[in-house]
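User: I would like to learn how to read burial, contacts and interfaces in a model of this kind. Could you take me through it step by step?

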Amino acid sequence: MSTESLIDVPLIDHHCHGVAPHDQQWEEFEDGLSEAFAPAPEGTTHWDKPIGLSIRGRCAPVLDLEKFCTPEAYMERRLDLGADEVNRRFMRASGLEAVLIDSGNNPERLLDVPGMAEVSDCAAHEVVRLESIAEAVASKGSSAAGFADDFDAALRLAATNAVGLKSILAYRATLVVELTPPSGAEVAAAAGRWLAEVEKTGTARITDPVLERYLVWTGIELARERGFPIQFHIGVGDPDITLNRCDPSHLTPFFIATEPLGVNFTLLHCYPFHREAGLLSENFPHVYFDVGFVLNWVGPSYARILGEALELVPFTKQLYSSDAYAHAELYYLGALRFRMALKSHLDRWIHEDECTAADADRIVEFISRQNSRRIYPLPGASA
Amino acid sequence: MSTESLIDVPLIDHHCHGVAPHDQQWEEFEDGLSEAFAPAPEGTTHWDKPIGLSIRGRCAPVLDLEKFCTPEAYMERRLDLGADEVNRRFMRASGLEAVLIDSGNNPERLLDVPGMAEVSDCAAHEVVRLESIAEAVASKGSSAAGFADDFDAALRLAATNAVGLKSILAYRATLVVELTPPSGAEVAAAAGRWLAEVEKTGTARITDPVLERYLVWTGIELARERGFPIQFHIGVGDPDITLNRCDPSHLTPFFIATEPLGVNFTLLHCYPFHREAGLLSENFPHVYFDVGFVLNWVGPSYARILGEALELVPFTKQLYSSDAYAHAELYYLGALRFRMALKSHLDRWIHEDECTAADADRIVEFISRQNSRRIYPLPGASA
Amino acid sequence: MSTESLIDVPLIDHHCHGVAPHDQQWEEFEDGLSEAFAPAPEGTTHWDKPIGLSIRGRCAPVLDLEKFCTPEAYMERRLDLGADEVNRRFMRASGLEAVLIDSGNNPERLLDVPGMAEVSDCAAHEVVRLESIAEAVASKGSSAAGFADDFDAALRLAATNAVGLKSILAYRATLVVELTPPSGAEVAAAAGRWLAEVEKTGTARITDPVLERYLVWTGIELARERGFPIQFHIGVGDPDITLNRCDPSHLTPFFIATEPLGVNFTLLHCYPFHREAGLLSENFPHVYFDVGFVLNWVGPSYARILGEALELVPFTKQLYSSDAYAHAELYYLGALRFRMALKSHLDRWIHEDECTAADADRIVEFISRQNSRRIYPLPGASA
């Protein structure tokens, strides 16, 4: 971090997506500043948000612009430099040790894992999204009786070089579902219904609770074999989310059931349930969490969120992620905000005699990368 | 704001009630310092609350008293000056551009809309409460078959000079209800049951989910025609509220359904669900929110609440309100706390290079009045 | 408080357990630093938590150690001094007026009430846990028809010298249960089923909703006679808890029903629902709450939690507790964090002209002990 006197431990960004390799025009870029499915109300712009301030204030200098330039000047410069140079600058200024890429969300418009390694000049690994594999299986054609095996085989193939799995159950059957393993007959019946619908509509979007339960428990089997953690989307997201159905405490019986299995689970984002996530991470040795995505989006309010995330959880159970998608700015801001937030709290702790400088360094190491090294099977890493 | 060096943009208080025009004695005034339906426990007083400190500390000087005078001295002076002078002083010291009055809660003991305009020396407009109109229709006499049309006609008449509608669904069928439009037959059946009960008991209090759904969807029709937003009570209230049933995220399917309709919704108060409300306002272009009422009542803790309310929401989607009722002090304190809170955060943002002074001014304008101007059909206003 | 310039009003710790009178070795002590049922993940230790920092930083000097000594040095010294001396030092440094001991959680390994009075050099009183009494009745042998009376008699006997009752409904039938009094026939039927199970399994653990409802309502009868408050576990706990089922707002209908009865209820811990608890305490004259346990466990984040707990509640409705169990450090840290937190907020309030020093003193007295004196029938105390 050359321009800020900040914590400089290289970070493992354990949950992000690929950057967009193409030049984005005004509308596409602005769309990416909101989780809404719609443009900003008439007469307003998504730039009038905390993340808009962050881009104008914190990212502009990385593109050789004055701080707080106008959005128009920012976009003009961004296009002048070109996506590749912009991506390269932000990714390399992020100070990353590794990026773990969720490959299941619009991969066709984003850089792939090797591309991310190259542009970021750091290690890059894949995390496979369970639902994407299931939807690909259904799209290619399967059968009621064969779906279970087809999915299992496709998942194993897709995960050949992966380091983890991800579930977006929160968006689909939601966390309210009773997350127990379904019987083979139940899976076949549910698969039959779904495949018929896929054939009829031409669209494969998995939401069936039985199938979702099957995906997660098949993932658990593979995770046990390969030493993968399984990521769960929690809390904050786009309009598809019903927040009260994404409270991670709905997963308590599931965590009780899975505690003996030797598989770790990571709760992603979590806001506004990051306190619940912290408590679950305290209560269950196989549960971890982060608030990464939110530190980006809340801009000037970053410190409060991480402060709350630090309250109850062991220092050994919190992770770093940016959840960045498409815009290279978001990887950079995620890392920057995380460092600023952690530094602000630990500086206070040291100043108020709540810990020593050595304790603070240890905490930084844990959350920045050691905890991820411990639970992900990263080639060459040792915690 | 003569006595504080604060943000001086005139505010649109988009949700409040009328002030009490009569002199309030000790007991009546103290009752108004709590949402409880009962007196404070024996040996205690409602003055021993954050709002009590605010009145003694911040309001006393407006009545020419020493800061932190006793409650007894405060009430004596209040009665000496008389309600009209007290109301006039506080309302005119509040720095308001307009007050939007919910006319549906005990209007008989409060100033009406023209009265509020006069005492406040600012514009005043009416917001019509759906449930009050329905209960008046039932009290006057209607019929199972005729209720739907009777309510529609009464609402249109009541809303002749209004600028918005309000629903207290949260207190009645609660936000857990599936908020879809009911069929005419369902409405007639539910109306028949309710009207029979009204006749038997002599009391009209609407709680039936079918009728509540009808009220909201009839309100939506009128709102489309007239450009009204519809306000929803959310979260914190009196003992009638069950908080977990007033989480605004229960409305997510409703917001998905209403997004194409061109009607805006405003979520009122929201605490302790203001983060949920902020996220909904981010996700849906037609959703807005405020935390007004709470800034009043938490006294010295005002800054934290607004800080949380600023986290995730676009600056174009938050509103100001006081939710003040009866006591003129509450309009004044609402405005004061809002200004103090916004100033404290924006001063920090400027100081920490999170925004420019011009950005801060723009944010102040948005939340103080421009957002309300944009979504309410205020005569003569342009956003 | 000799080593800190802090609020020195003696505290009533209205909810705690006994200290462990025996020397604890490394593993037992470390286990007590987490609510988890399992050891920390391999390669980590429960010392790497906020509470670990607090013990090393704040407790070490009480044992004549350097601040921030290693856990190993701390444990060695603790064993050198012996449990009795350690307990004596921490308890007497806590500045307590009285401890109210929940006698229902593993009393066989903890000091009893007279023992706590002696080691703490302050008054000690008992709070009887409803579920423990019921489980003892079932273990000794009862009958379907006789259980109701047997429990009633056993509770009265157990409560002879008590000052309050406690329910852990949150852990068992959870707060989602409709908490109305069951009929005698319902109780007999449920008791019959449970007693058969106890006989079969040899284990008595009460979870039946009907029986839990009977326990609470039998407790209410006794509480009316004896002037007891009834404590409810709320929110944060060990892995047995499903947080969303422990939101105190589930109890709203119960509080509406019990408001006329003259019995007070105290909501314990409450995090992350302390705002909900504060609002219930504001809405209902017979509801009180604390966040005691959490101030301990969050270490350096103590101030934020108490800050949120002070937002909406009357100063006359919040209580102090440590919820300390076994480790004498936790009583001491509970008191220390409470004093630090309250002081930090009130100092700011005075500095920012939100209250006078006399107001602050009054608030300290209320929360530290006067509120507990008012609602518990403490011998010799007058509020």
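User: Is Arg275(A) buried or exposed, and where in the chain is Arg275(A) found?

Analyst: In this predicted model, burial is read from relative accessible area, where buried means under 20%, exposed means over 50% and partly exposed lies in between, with a 1.4 Å probe and protein chains only. Arg275(A) has a relative accessible area of 9% and is therefore buried, and Arg275(A) is found in helix H11, residues 274-283 of chain A; a helix here is a DSSP run of H or I with at least four residues, a strand is a run of E with at least two, and both are numbered from the N terminus. Residues are numbered from 1 along each chain as its sequence is written, while chains are lettered from A and ligands numbered from 1 in the order in which they are written. Local features need pLDDT of at least 70 and side-chain atom pairs count only at pLDDT 80 or more, whereas totals for chains, interfaces and linings use all residues, and side-chain values use heavy atoms, with hydrogens and water left out.

User: Which residues is Arg275(A) in contact with, leaving aside its neighbours within four places in sequence?

Analyst: Contact means heavy atoms within 4.5 Å. By that reading Arg275(A) is in contact with Glu308(A) and Glu311(A), and also with Tyr271(C), Pro272(C), His274(C), Arg304(C), Ile305(C) and Glu308(C).

User: How should I read the area buried between chain B and chain A?

Analyst: Buried area is the accessible area, with a 1.4 Å probe, that two parts lose on being put together, summed over both. Between chain B and chain A this comes to about 3,100 Å², with carbon and sulfur atoms giving 54%. Of the area that chain B buries against chain A, Arg275(B), Glu311(B) and Glu354(B) supply 21%, more than any other three residues. In terms of contacts, 38 residues of chain B meet 40 residues of chain A.

User: Where is Tyr171(B) found, and which residues does Tyr171(B) touch beyond four places in sequence?

Analyst: A loop can also hold a buried residue, as Tyr171(B) shows with its relative accessible area of 15%. Tyr171(B) is found in the loop between strand E4 (162-167) and helix H8 (184-201) of chain B, and Tyr171(B) touches Arg205(B), His233(B), Gly237(B), Asp238(B), Asp240(B) and Ile241(B). Tyr171(B) and His233(B) are 62 residues apart in sequence, yet 8.0 Å apart in space from C-alpha to C-alpha.

User: How many helices and strands are there in chain A, and what share of its residues count as buried?

Analyst: Chain A has 15 helices and seven strands, and 65% of its 383 residues count as buried.
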